[in-house]
Amino acid sequence: MRKLELLAPAKNLECGMAAIEHGADAVYIGASRFGARAAAGNSVSDIHLLCEYAHQFAAKVYVTVNTIIYDSELEATFHLVDELADAGVDALLVQDMSLIEKLSGSRLAIHASTQTDNRSAEKVAWLQSLGCSRVVLARELSLSEISAIHQAVPDVELEVFVHGALCVSYSGLCYASQYCFNRSANRGECAQFCRLKFDLQDADGKEIVHQRHLLSLKDLCQIDHLEELAAAGASSFKIEGRLKDVAYVKNVVSAYSERLNQIIEKHPNEYCRASRGEVSYAFTPNLAKTFNRGFTSYFLQGRQPDIASFDTPKALGEYVGHVKEFRGNSFNVAGTASFANGDGLCFINDEHELEGFRVNKVEGNRLYPFKMPEHLRPGVALYRNNDEAFEKILSGKTAERKILVKMIFGLTDDGFSLKISTEDGKIQGESNVQFEHQQAQKPQRDNILRQLSKLGDTLYRCSELKIEQGADAFFIPSSILSDLRRKCVESIQMKKDEPESRQIKPSAMTIPQEGWQPEYKQYPYLYNIVNVKARDFYELQGMEKPLEAFEVRPVKDPLIMQCRYCIRYSLGYCVRHGGKQPTWREPLYLQLPDGRRFRLQFKCDECQMNIYAES
């Protein structure tokens, strides 16, 4: 039976605990340094508290140490790794190969971050040969590609992104932020170059598109494809969002957890959840009501036309209707949505700009904004990017997670006993009490069941209580039963899972001469080598004279992005996929308002778009 894991982001301890409480099987969190979200760091002590909380439910905690690491930082990084192991962390997500040797003798599992550009079975097999028990696949892969990797390397856990923001470049291979702003995406400092406005020009300087967000993608949503992903071999379903707040985590985790439970209920002999505990919710999750730029399944079913968000990189939210007519300082909305004072609404105006406003007063479907938006017109589609009523619900207690246990009440020679355990036997407890066996004059069964199943504020909920040896034939006071139950719960011990071997497997695998993709040979900085240990590692892997990363040694007119996304296709001009014949002369260029230009290369043989910076 294969375990399915819902993996949630944790900006901090509060978000991590909320994720577990709302159904996550694991969380990933950044430490104080060296994570791919520099703004989302946490102390080792907070991570230790999160581990203690998560492990009660057999949920896991993974820490992101997935940046490239400079020589001057190696000692501090290795010290951090030791501290994280002592804190009870289950695995580290890594990018820099200097950590492979350090982790090979550790109890920590090694997860190859998506920052290591994992898009082929050959790459996944190589990472396995280094000791990686899990590989986080590139977001761009299709179902058939994921399945092919699983078939070729069946012993590696495959982690796939299922929800959240999309990077337009293959992760780990984006140097745009470093080139333009001296902020490296490989150091967790991405300045979101891909969310900027560009002009699109042809080789003659003719403008094809004016000031649009041509590299900004919609957000990923695979909630309707989890069953297909599981069948393809994915075992961990990752929600993006280590900068998102606790309300986002609650809502998204709950939605995906409920859907995974439905899949497991449908396939009880194939799948089970990777952690224990049953969650009861005090709200109905709705993915449209939290931050999103509109949703896409990206490349899961192959190339799709509508994956970009040219008008805005900001959150649109849920569609709530269209403007019907104006009256003074108000307007009404044609649609079925209900509104609340304080709702945030937005729309795309005639200039392809996002405009937002706050609702001051609501009378049915008639809305009174604080200030009437200048460009709002009848017929305009409205979206709600802040649902005041929903946010108020999420600010309170919205879920409770309990571990289901079975209890057995019986006799001892001089009293009574109570045993408690989970179905898998990994949580067990027992207590005894001395009390004379006195034949009862009144039925005891109902009171015994009532008193012993009162597990209240504990982590446990009684799913079954058996009375054995005719123990209900004897009188036992409620106070004795309560004391027996309390001591039994206090006695609970959790059996620890045996740690897996983390020794690197002997392997003859080395890096292919041409690199993982053709660009690696031409641009060796794609290996992201910034320290001596990583350089030594690659030499042992058969690489002659490893070259330094772009962050250390910039090159002229560099390749700054490799994208499966294609602007030409999105504009309807990919002839291979039935598009119109372009009328422009290539190459095409993206141009920022300050005049900086970036050349587009359409590699149709790879179905890939490369972006180059030009001096």
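**Architecture of the predicted model**

Q222 touches F161, V162, L229, Y256, S297 and L300, leaving aside residues up to four places away in sequence. These contacts, like everything that follows, come from a predicted model. Q222 sits in the loop between strand 10 (219-221) and helix 8 (226-232). With a relative accessible area of 4%, Q222 counts as buried, because that class takes in residues under 20%.

F291 offers a useful second example of a loop residue. Its place is the loop between strand 13 (278-281) and strand 14 (295-296). The relative accessible area of F291 is 33%, so this residue is classed as partly exposed, a class that lies between 20% and 50%. Once residues up to four places away in sequence are set aside, F291 touches D219, K244, Y248 and A315. From F291 to L411 the separation is 120 residues in sequence and 57 Å in space, C-alpha to C-alpha.

Turning to the chain as a whole, 15 helices and 29 strands are found. The C-alpha trace spans about 100 × 75 × 40 Å along its principal axes. For 615 residues, a compact globule would be expected to have a radius of gyration near 25 Å, and the 28 Å of this chain agrees with that. Of the 615 residues, 56% count as buried. Contacts between residues at least 6 apart in sequence were also surveyed, and 70% of them join residues at least 24 apart.

The nonpolar interior comes next. The largest nonpolar core has 172 residues, and L215, F409 and Y565 have the most contacts inside it. Helix 9 (residues 246-266) supplies the largest share of this core, with ten residues. Another core, of 13 residues, lies apart from it and includes V323, F331, F347 and L382.

Helix 9 also appears in the surroundings of helix 1 (residues 13-21), where the buried residues pack against strand 1 (2-10), strand 2 (26-30), helix 2 (44-55), helix 9, strand 13 and strand 21 (399-412). The buried residues in question are L13, C15, G16, A18, A19, I20 and E21. Helix 1 is largely enclosed by the rest of the structure, because seven of its nine residues are buried.

A parallel arrangement is centred here on strand 4 (residues 91-94). Side chains in a regular strand alternate between the two faces of the sheet. In strand 4 both faces are covered: A91 and L93 are buried on one side, and L92 and V94 are buried on the other. Strand 4 pairs in the parallel sense with strand 3 (residues 60-65) over four bridges, and V65 has V94 as its bridge partner. Strand 4 also pairs in the parallel sense with strand 5 (residues 109-112), again over four bridges, and here V94 stands opposite A112. The chain passes from strand 4 through helix 4 (residues 98-104) to strand 5 in a right-handed β-α-β crossover. Strand 3, helix 3 (residues 74-87) and strand 4 likewise make a right-handed β-α-β unit.

Antiparallel pairing is seen in a barrel, which six strands close in the order 15-16-19-18-17-20. On average, neighbouring strands of this sheet are turned by 50° against each other, direction ignored. Within the barrel order, strand 17 (residues 344-348) and strand 20 (residues 381-386) run antiparallel and are joined by three bridges. C346 has Y383 of strand 20 as its bridge partner. F347, a member of the 13-residue core, falls within the span of strand 17, while L382, of that same core, falls within the span of strand 20.

Six strands also form an open antiparallel sheet, in the order 9-8-27-28-29-26. Strand 9 (207-212) and strand 26 (559-563) stand at the edges with a single partner strand each, so one side of each lacks a neighbour in the sheet. The average turn between neighbouring strands of this sheet is 20°, direction ignored. Strand 28 (residues 597-603) and strand 29 (residues 608-613) run antiparallel and are joined by six bridges. F598 stands opposite A613 of strand 29.

Methods. Residues numbered from 1 in each chain as written. Predicted model: local features only at pLDDT ≥ 70, side-chain atom pairs only at ≥ 80, totals over all residues. Heavy atoms only, no water. Buried < 20%, exposed > 50% of the residue type's maximum accessible area, 1.4 Å probe, protein only. Helix = DSSP H or I, 4+ residues; strand = E, 2+ residues; numbered from the N terminus. Pairing = 2+ DSSP bridges. Right-handed = clockwise from strand over helix to strand, strands pointing away. Core = buried A, V, L, I, M, F, W, Y, C linked by side-chain atoms within 4.5 Å. Axes fitted to C-alpha atoms, helices over the stretch in contact; angles between N-to-C directions. Contact = heavy atoms within 4.5 Å. Rg over C-alpha atoms; globule rule 2.2 N^0.38 Å.
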